[in-house]
Amino acid sequence: MNGILLYCVFLFFLFLSLQVARWCHDLKIQDGEAACYSPRGGGYRSTLGTRCSLSCDLGYRLIGQSSVRCLHNRRWSGYAHCRRIQCHVLPAILYGSYQCTAGVYEGSRCDYTCSPGYQIEGDRNRVCMEDGLWSGGEPFCVDIDPPKIQCPTSRVKVAEPEKLTAVVYWGSPKVKDTADGVITRVFRRGPEPGSELREGEHIIRYTAYDSANNRASCKFTVKVQVRRCPILSPPLHGYITCSSAGNNYGANCEYHCEGGYERQGPALRVCLFSQQWAGSPAICTPMQINVNVNSAGGFIDQFFEKQQLLIISTPSSSDRYYRLQSAALQRATCGLDQRHVVVVELVGEMPKEVGRVRAQQLSTELIEQLRQALHISRSYFNMVLIDKYGVDRERYVEPTTSDEIFTFIDLYLLSPLELARLEANKENCE
């Protein structure tokens with residue numbers, strides 16, 4: 001009987017609860033929404049048996065049950081809340097940075113930029129997505145900007161005196177890297193500073209590399225200039241020998257005359273920096289032999305550094321040796337002139353002794369002085385060869401062929417330059 005009574009009471013109160021519009025507390029979710037359906041209709045949100053679907057606003061994630069029901073114990077069957085979606089903090093980027101629109105929350109976009117001299121490689125921006133992950137991949141900054149290089153200025157250097165070259169110096173190029181400032185190596189192509197450069201234009205190129213192997217190059221020129229004078233013309237019956245290239249700044253040119261001629265004017269001229277020759281040109285005039293001198297020394301001195309003397313002495317013009325020798329020398333006149341040999345003849349005995357050089361007669365006093373100074377005998381045929389410096393170099397007591405005389409002169413009396421000149425003009429005597 002008591003059990004039936006209690007059951008009836010329960011049914012009564014159950015009936016009353018079904019009639020109450022608000023059985024559970026109103027369901028609200030921050031940053032989200034609860035969409036509820038009650039058995040009693042759309043105007044009821046928390047009556048017994050009401051079911052609610054829970055969702056979050058954009059940018060938020062539901063934590064808990066997505067659907068709950070109002071129970072008899074006046075409580076909801078579960079609980080949920082909305083938590084803002086958040087991505088991890090992006091790592092810093094080397095040689096760059098990023099800026100985000102909304103920090104690390106969902107929907108935030110982070111844009112990457114690189115330091116000057118670098119460029120983005122990869123995604124330029126990343127977005128925090130609904131799953132809490134960033135879109136794309138992590139980019140990085142690469143050094144793509146070549147270094148800046150400035151070469152020394154181009155220059156012109158005048159060749160040194162008597163040279164066709166110049167020693168040229170210059171400084172190192174100015175190099176700067178626009179990224180990390182590190183220059184790993186600098187190469188040079190061309191001569192190094194302090195080189196002795198020949199006449200003409202020389203190109204020097206420098207190439208610099210940074211740590212990312214970017215490179216930059218520059219170049220400049222060094223021009224070696226040889227200042228030259230006009231080419232000198234040799235004098236008539238003479239020639240010119242010059243040092244260095246012959247007409248470059250500092251070159252020395254010396255005038256020489258052929259046999260039988262002597263120089264009038266300066267022996268040497270120098271090419272000046274102004275590209276003009278110092279002094280005036282020399283000329284070659286027939287050598288004037290002065291027989292009116294008071295001594296043998298005075299006679300010989302006028303041939304100093306100009307002519308060799310071949311003095312022939314014979315007791316008589318009919319002497320067989322003398323006649324043979326005279327005939328040989330007459331056939332060799334050209335060779336004698338080329339070797340700068342002047343023939344002096346002392347013929348006969350006192351008091352009818354005759355001395356002559358070319359077409360001029362020697363005085364009796366000068367003949368005697370020559371014999372005494374050079375120890376030349378009157379009593380037999382003999383010859384004395386005197387070099388350009390007045391030195392007795394060879395004596396002959398018998399007729400000698402011109403070839404033998406020339407061989408001795410060529411071997412012992414001529415300079416290398418005179419030998420070269422002789423060889424060049426050999427055909428003139430054939």
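The protein has seven helices and 29 strands; these are DSSP runs numbered from the N terminus, with at least four residues for a helix (H or I) and at least two for a strand (E). What you see is a predicted model, in which local features need pLDDT of at least 70 and side-chain atom pairs count only at pLDDT 80 or more, while totals for chains, interfaces and linings use all residues. Residues are numbered from 1 along each chain as its sequence is written, and side-chain values use heavy atoms, with hydrogens and water left out.

Let us start with the overall outline. Along its principal axes, the C-alpha trace spans about 205 × 35 × 35 Å. The radius of gyration is 60 Å, whereas a compact globule of 430 residues would have one near 22 Å. That radius is taken over C-alpha atoms, and the globule rule is 2.2 Å times the number of residues to the power 0.38. Of the 430 residues, 37% are buried. Here, buried means under 20% relative accessible area, exposed means over 50%, and partly exposed lies in between (1.4 Å probe, protein chains only). Among contacts with a separation of 6 or more, 50% are between residues 24 or more positions apart; a contact means heavy atoms within 4.5 Å.

Now we can walk along the chain, beginning with Ser38. This residue sits in the loop between strand E1 (32-37) and strand E2 (51-56), and it is buried, with a relative accessible area of 1%. Its side chain makes a polar contact of 2.5 Å with that of Thr47 and another of 3.5 Å with that of Thr50. A polar contact is a pair of N or O atoms within 3.5 Å; within protein, one must be able to donate a hydrogen and the other to accept it, and residues adjacent in sequence count only if both atoms are side-chain atoms. Leaving out residues up to four places away in sequence, Ser38 touches Tyr44 as well as Thr47 and Thr50.

Further on, Leu90 lies in the loop between strand E5 (80-84) and strand E6 (96-100). Leu90 counts as buried too, at 5% relative accessibility. Beyond its neighbours within four places in sequence, Leu90 is in contact with Tyr98, Cys110, Tyr112, Arg126 and Trp134. For a sense of distance, the C-alpha atoms of Leu90 and Gly200 are separated by 62 Å, with their positions 110 residues apart along the chain.

Next come some strands and a loop residue. Glu162 is found in the loop between strand E12 (155-158) and E13. It has a positive phi of about 65° although it is not a glycine, and it is partly exposed, with a relative accessible area of 38%. Most residues other than glycine have a negative phi, and most peptide bonds are trans. Strand E13 (residues 165-168) runs antiparallel to E16, joined by four bridges, and Val167 stands opposite Glu196 in E16. Strand E16 (residues 195-198) has a covered face, Ser195 and Leu197, and an uncovered one, Glu196 and Arg198.

His237, in the loop between strand E18 (215-225) and E19, also has a positive phi of about 65°. At 29% relative accessibility, His237 is partly exposed. Then follows an open sheet of three strands, in the order E19-E20-E22, with antiparallel pairing; strands pair if DSSP finds at least two bridges between them. Its edge strands are E19 (238-242) and E22 (268-270), each pairing on one side only. Strand E20 (residues 252-257) is joined to E22 by three bridges, and Cys253 stands opposite Arg269 in E22.

Which residues touch the most other members of the largest nonpolar core? They are Ile289, Phe299, Leu309, Val344, Val357 and Leu362, out of 22 residues. Such a core is a set of buried Ala, Val, Leu, Ile, Met, Phe, Trp, Tyr and Cys residues joined through side-chain atoms within 4.5 Å. The elements giving it two or more residues are helix H2 (296-301), strand E24 (308-314), strand E25 (341-347), helix H5 (364-374) and strand E28 (382-386). H5 provides the largest share, four residues. Apart from this core lies another, of 19 residues, including Leu310, Val341, Val347 and Leu414.

One last detail is at Pro351, in the loop between E25 and strand E26 (354-357). The peptide bond from Met350 to Pro351 is cis, with omega near 5°.
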